[in-house]
Amino acid sequence: MKLHTFTDSQLEKLARPIYLGVIRGSNAGDYSMFSHDFTEELAWRITPERFESQRKEFPLLSSISENFEYLGCIKREDAVSVLWKLRSTTLKGEFLGTVTLQEVSGKVMVVGVAAH
């Protein structure tokens with residue numbers, strides 16, 4: 001499967017439940033749920049300790065609304081980044097969320113994630 005050949009609509013459908021799991025895990029402080037689809041390398045970079053530290057430092061990471069909007073995709077040969085407009089349940093304004101996906105051993109995995 002070559003993700004960069006998928007249509008934007010296909011990528012949104014693929015990425016939405018993955019990013020929803022990331023958001024739910026982040027909001028709940030549940031590292032296992034947050035990192036469920038991470039590659040080993042990303043899980044090594046975002047450890048449970050770093051996850052907790054980031055949640056304490058950035059209130060957005062524990063208050064992301066599950067009603068996020070699809071903005072588009074950035075496609076590369078080896079990965080795709082899906083962009084989302086986020087809102088917080090406690091903070092005013094809009095935020096940008098991204099999830100970068102890559103096929104690893106036949107499975108779509110998260111190789112990057114951000115909310116800012």
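So, how many bridges pair strand β3 with β4, and in which sense? The two strands pair over 8 bridges, in the antiparallel sense, with β3 covering residues 94-104. Before I go on, the housekeeping. This is a predicted model, where local features need pLDDT of at least 70, side-chain atom pairs count only at pLDDT 80 or more, and totals for chains, interfaces and linings use all residues. Residues are numbered from 1 along each chain as its sequence is written, and side-chain values use heavy atoms, with hydrogens and water left out.

Quick word on terms. Strands (E, at least two residues) and helices (H or I, at least four) are DSSP runs numbered from the N terminus, and two strands pair if DSSP finds at least two bridges between them.

Okay, the sheet. It's an open one made of 4 strands, in the order β1-β2-β3-β4, with antiparallel pairing. At the edges sit β1 (69-75) and β4 (107-115), each pairing on one side only. On average, neighbouring strands are turned by 25° against each other, direction ignored; axes here are lines fitted to C-alpha atoms, for helices over the stretch in contact, and angles run from 0 to 180 degrees between N-to-C directions.

Back to β3 and β4 for a second. Threonine 98 stands opposite alanine 114 in β4, and glycine 97 stands opposite alanine 115. Their hairpin has 2 residues between the strands, and serine 105 there takes a positive phi near 50°. At the other end of the strand order, β1 and β2 run antiparallel and are joined by 6 bridges. One of the partners to look at is glycine 72, whose bridge partner in β2 is leucine 83. That hairpin goes through 4 residues.

What packs on the sheet? Helix α1, residues 8-28, touching β1, β2 (80-87), β3 and β4, with its direction at about 60° to that of β2. Contact, by the way, means heavy atoms within 4.5 Å.

Now the pocket, since someone will ask. The largest one has about 360 Å³ of space. A pocket is an open set of points on a 1 Å grid over the protein atoms alone, where a 1.4 Å probe fits, with protein on both sides within 12 Å along at least five of seven lines; lining residues have an atom within 4 Å of a point. Points are joined across faces, edges and corners, and the volume is the space filled by probe spheres set on them. There are 18 lining residues, and the closest to the centre are Gln54, Leu61, Val113, Ala114 and Ala115. Helix α1, α4 (48-57) and β4 each supply at least two residues of that lining. It divides into 13 nonpolar, 3 polar and 2 charged, counting Ala, Val, Leu, Ile, Met, Phe, Trp, Tyr, Cys and Pro as nonpolar, Asp, Glu, Lys and Arg as charged, and the others, Gly among them, as polar.

Last, a few single residues. Serine 65, in the loop between α4 and β1, counts as buried because its relative accessible area is 15%; the cut-offs are under 20% for buried and over 50% for exposed, partly exposed in between, with a 1.4 Å probe and protein chains only. Leaving aside neighbours within four places in sequence, serine 65 is in contact with Ile23, Arg87, Ser88 and Thr89. Tyrosine 31, in helix α2 (residues 31-34), is buried too, at 19%. Glutamate 49, in helix α4, is exposed, at 59%.
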